[in-house]
Protein chains: 2
Amino acid sequence: MTFVNVGTLGTQPGQREAVVAILTRANPQLAQAGCLLYEVGTSEESPDTVFVTELWTSAEAHQESLQLPSVREAIAEAMPLLNGQMSGFQYQISGSPLRD
Amino acid sequence: MTFVNVGTLGTQPGQREAVVAILTRANPQLAQAGCLLYEVGTSEESPDTVFVTELWTSAEAHQESLQLPSVREAIAEAMPLLNGQMSGFQYQISGSPLRD
């Protein structure tokens, strides 16, 4: 079942754009690993937060992707720029009103 | 800018599948109104929660869609099945590692 992972990452003051730059760096390994959607963004109401929405072919594909060298490097690069506050949720897709 | 709306809807005990059925009912008006993605789902860890992830061409398109008769009817139908607990966040997309 298609798996959804959505989350917020708290950043150190002034580091939001640097984290966005890391997370949006093109990475063809993700699609090969089963990533269907990976959207990174911000909100004016939350100056020190980066938002992420991901769809994966399965929860396992998502989990395994965290072992990819490119993903581990991006996480290591971003970690010092984060403030440790994270939130979000994960779920399995049941359906969509955009599909019959 | 592409707009993301993600959220959780608390349901009355035993009403989760009924809410999923309402929210996943095919509705071509949504795509016409600028909906790019609308994924509804559940999680085994949260028996009384429905999760929704939406992408829209803009925040305005999302806002205007709430006036569509079909959307208002779905909300009215689902409301008695909800427990009032809602959470989530909204943001503007900056980019994606799936795109150059």
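Select B:Gly41 to begin, and look across to strand 3 of chain B, where B:Phe51 stands opposite this glycine. The model on screen is a predicted one, and the tour moves outward from this pair of residues. B:Gly41 belongs to a pairing in which strand 2 of chain B and strand 3 of chain B run antiparallel over 7 bridges, and the two strands are joined by a hairpin through 2 residues.

Keep strand 3 of chain B selected and add strand 1 of chain B, since these two also pair in the antiparallel sense, here over 8 bridges. Within strand 3 of chain B, B:Val52 stands opposite B:Gly7. If you colour strand 3 of chain B by accessibility, the strand appears mostly covered, with 8 of its 11 residues buried.

Now show the strands of both chains together. How many strands close into the barrel, and in what order? There are 8 of them, following one another as 1(A)-3(A)-2(A)-4(B)-1(B)-3(B)-2(B)-4(A), with antiparallel pairing. From one strand to the next the twist averages 35 degrees. Helix 1 of chain A, residues 16-23, packs on this sheet, where it touches strand 1, strand 2, strand 3 and strand 4 of chain A together with strand 4 of chain B. The direction of this helix makes about 15 degrees with that of strand 3 of chain A.

Turn next to helix 1 of chain B, residues 16-23, and select its buried residues, which are B:Arg16, B:Val19, B:Val20, B:Ile22 and B:Leu23. Looking down the axis of helix 1 of chain B, you will find these buried residues within an arc of 160 degrees, so they line one face of the helix. An α-helix has 3.6 residues a turn, so residues three or four places apart point the same way. Show what surrounds the buried residues of helix 1 of chain B, and you will see them pack against strand 1, strand 2, strand 3, helix 4 and strand 4 of chain B, and also against strand 4 of chain A.

From B:Ile22, step across to B:Glu77, which lies in helix 4 of chain B. Leaving aside residues up to four places away in sequence, B:Glu77 touches B:Ile22 and B:Arg25. B:Glu77 counts as partly exposed because its relative accessibility is 38%. A distance drawn from B:Glu77 to B:Leu66, C-alpha to C-alpha, comes to 14 Å, for residues that are 11 apart in sequence.

The cysteines are the next stop. A disulfide is a covalent bond between the sulfur atoms of two cysteines. Select A:Cys35, which is in no disulfide and whose nearest cysteine sulfur, that of B:Cys35, is 19 Å away. Why is B:Cys35 not bonded to A:Cys35? The 19 Å between the sulfur of B:Cys35 and that of A:Cys35, the closest cysteine sulfur, is too far for a bond. Over all chains, a search of the whole structure finds 0 disulfides. A:Cys35 counts as buried at 6% relative accessibility, and B:Cys35 is buried as well, with a relative accessible area of 5%.

Finally, step back to view both chains. Chain B superposes on chain A by a rotation of 180 degrees with 0.0 Å of shift along the axis, at an RMSD of 0.0 Å. That is the relation of a two-fold axis. Colour the interface residues to end the tour: 100% of those of chain B are also interface residues in chain A, so the copies meet through the same surface.

Key: Residues numbered from 1 in each chain as written. Chains lettered and ligands numbered in written order. Predicted model: local features only at pLDDT ≥ 70, side-chain atom pairs only at ≥ 80, totals over all residues. Heavy atoms only, no water. Buried < 20%, exposed > 50% of the residue type's maximum accessible area, 1.4 Å probe, protein only. Helix = DSSP H or I, 4+ residues; strand = E, 2+ residues; numbered from the N terminus. Arc of directions from axis to C-beta. Contact = heavy atoms within 4.5 Å. Pairing = 2+ DSSP bridges. Axes fitted to C-alpha atoms, helices over the stretch in contact; angles between N-to-C directions. Disulfide = S-S within 2.5 Å. Least-squares fit on C-alpha atoms with pLDDT ≥ 70 in both.
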